[in-house]
Each structure stands twice: as structure tokens, then as C-alpha cells.
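Reader: I'm new to this and would like a close look at one spot in this protein. Could you pick a residue in the middle of things and work outward from there?

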Amino acid sequence: MAIEAAVKAAVGAPDEIGDCPFSQRVLLTLEEKKVPYKLHLINLSDKPSWFLKVSPEGKVPVVKFDDKWVPDSDVIVGILEEKYPEPSLVTPPQFSSVGSKIFSAFGKFLKSKNPKDHSEEDLLVELKALDEHLKAHDGPYVAGEKVTAVDLSLAPKLYHVDIALGHFKKWSIPKELASLIAYKELLFTRESFVKTKATPEHVIAGWEPKVNPA
């Protein structure tokens, strides 16, 4: 039986995977665990009525377990780990929060119109911390030789950092953060990532109204 997963459809392209990093995290987990799934692409500007019944707040991702639709990528990933323990994607607790502040720092810098508000520096602090962690541990992943849940959470977020900041700010991760750059390229070339990523155009379209509100 395939699991049903409802994720964001691309802005302007309802038949393609959209730019939600939390949706992609769930799809990455399903792919890495080789769990068969049926994908529902949800157009968030025209939500189908069946979807609003199972997700009254209209949020994605939601995944159906035993006839019950469950929201929140953290919760979904936890249930997947419980139901499908092999291969294990459990991150050792001491590594589970590595990189956890990158996405919020990225969002602030991306939307910032004030070059003096330190949002760029704040993002760099978080990216450097991840680079230092990767340098200090043998890797190539956050928790060692094998990919774990923390990597599958970071991969879509680092992809957004690359695409959105490159487009809207002409900004890229500094070359001296070589361990981080090697890490993200490793993640981006995994088969699971290639299969579940939004196109750069869809990432840009997803951020456009938040960066330049009408």
C-alpha cells in the first residue's frame, strides 16, 4: 500500500512539485526509506475541498497514516522512522540541532531591504557554524558517514539559500566555506534530492511575493 502525501504544487504549474522545503523533507525521507507513496500536489492558491477537510488550516505537508492525515514535517518524519525503521535515519541527539537556525536567518536576509540590519552577518554566522561542524567531524554528513534526518531537513533549505539569494540578492555562500559547499553539493546530487526538488524557477516564483510584496 502506497502512503498518501499531500505537498505544495509549484506556483503557476500545479502539476509540478513546488518550493516548500518542509514538503521536500518528507518526500526525501520517503525516498531514502524506499517507501512507496502517492503524491497529491496541492495548489495553495486554489486548495481542493477534500484537502481543506483533512488539513483545515490549509497547510502542507500532510501524510495519511492508518486513515488519519497528519500535519507537520517533524511529526511525519518521526512516524515514518517508527513505521519504517530500515534504513535508520535517526540523527544522534547531539547533532540533531546542527544548522537549525539557518533557514530563519536566510528568510530575514532574503526579505531585508536594509543593508545595515546585520541580517547578512547573522546568516553567515549560522553558515560558518555548519561549516565548522563539518570540518571538525569526519562526515561527509552531519552525523558521520551516513545520511540522517538532519541532512534531509537541511538539504532543501540550503537549496533555497542557493537559488533565492542568488536570484534576489546576487549573493552566494562564500568560497572559504569549502566544507559546507562540498556538503550541499553532495546532498543536491543524491538521487532522492534530484527526484523531489523544485526547479530553480519554481523556487524563485514561490519567494517572489514574499520578497517583493505587491
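**Val142 and its surroundings**

Author: Let's start with Val142, which touches Phe95, Val98, Leu130, His133, Leu134, Val150, Asp151, Leu154 and Tyr183, leaving out residues up to four places away in sequence. Keep in mind as you look around that this is a predicted model.

Now zoom out a little. The largest nonpolar core has 41 residues, and Val142 is among those touching the most other members, along with Phe106, Leu123, Leu127, Leu130, Trp171 and Tyr183. Two of those names, Leu130 and Tyr183, also turn up in the list of residues that Val142 touches. Which elements build this core? Those giving two or more residues to it are helix H4 (102-111), H5, H6, H7 and helix H9 (200-211). The largest share comes from H6, with 10 residues.

There is also a second, separate core, this one of 13 residues, and it includes Ile3, Val7, Leu27 and Leu30. For a feel of the chain around there, try Ala6, which is found in strand S1 (residues 3-10). Ala6 is buried, because its relative accessible area is 0% and the cut-off for buried is under 20%. Leaving out neighbours within four places in sequence, Ala6 is in contact with His40, Ile42, Trp50, Phe51, Val60, Pro61, Val62 and Trp69. Ala6 and Leu39 make a nice example of folding: they are 33 residues apart in sequence, yet their C-alpha atoms are 6.1 Å apart in space.

Since Val62 came up, have a look at its strand. Strand S4 (residues 62-65) is joined by 4 bridges to strand S5 (residues 68-71), and the two run antiparallel. Phe65 stands opposite Lys68 in S5. The two strands form a hairpin with 2 residues between them, and Asp66 in the turn has a positive phi of about 50°.

Now for the charged side chains. Side chains of opposite charge can pair when their charged atoms come close. How many salt bridges are there here? The count comes to 12. Let's go back towards our starting point for one of them: Asp131 forms a salt bridge with Lys135, and the closest N and O atoms are 3.5 Å apart. Both residues lie in helix H5 (residues 119-136), 4 residues apart, or about one turn of the helix. Asp131 is buried, since its relative accessible area is 2%, under the 20% cut-off.

Another bridge pairs Asp162 with Lys184, where the closest N and O atoms are 2.8 Å apart. Asp162 lies in helix H6 (residues 149-168) and Lys184 in helix H7 (residues 178-188), so this pair ties together parts that are 22 residues apart in sequence. Are the two partners buried or exposed? Asp162 is partly exposed, with a relative accessible area of 26%, whereas Lys184 is buried at 5%. Back in H5, salt bridges that share partners join Asp131, Glu132 and Lys135 into one network.

One last pair to find: Glu81 forms a salt bridge with Lys33, with 3.1 Å between the closest N and O atoms. This pair links distant parts of the chain, as Glu81 sits in helix H3 (residues 73-83) and Lys33 in the loop between helix H1 (21-32) and strand S3 (37-42), 48 residues apart. Both Glu81 and Lys33 are buried.

Key
Residues are numbered from 1 along each chain as its sequence is written. This is a predicted model: local features need pLDDT of at least 70, side-chain atom pairs count only at pLDDT 80 or more; totals for chains, interfaces and linings use all residues. Side-chain values use heavy atoms; hydrogens and water are left out. A salt bridge is a side-chain nitrogen of Lys or Arg within 4 Å of a carboxyl oxygen of Asp or Glu. Buried means under 20% relative accessible area, exposed over 50%, partly exposed in between (1.4 Å probe, protein chains only). A nonpolar core is a set of buried Ala, Val, Leu, Ile, Met, Phe, Trp, Tyr and Cys residues joined through side-chain atoms within 4.5 Å. Contact means heavy atoms within 4.5 Å. Two strands pair if DSSP finds at least two bridges between them.
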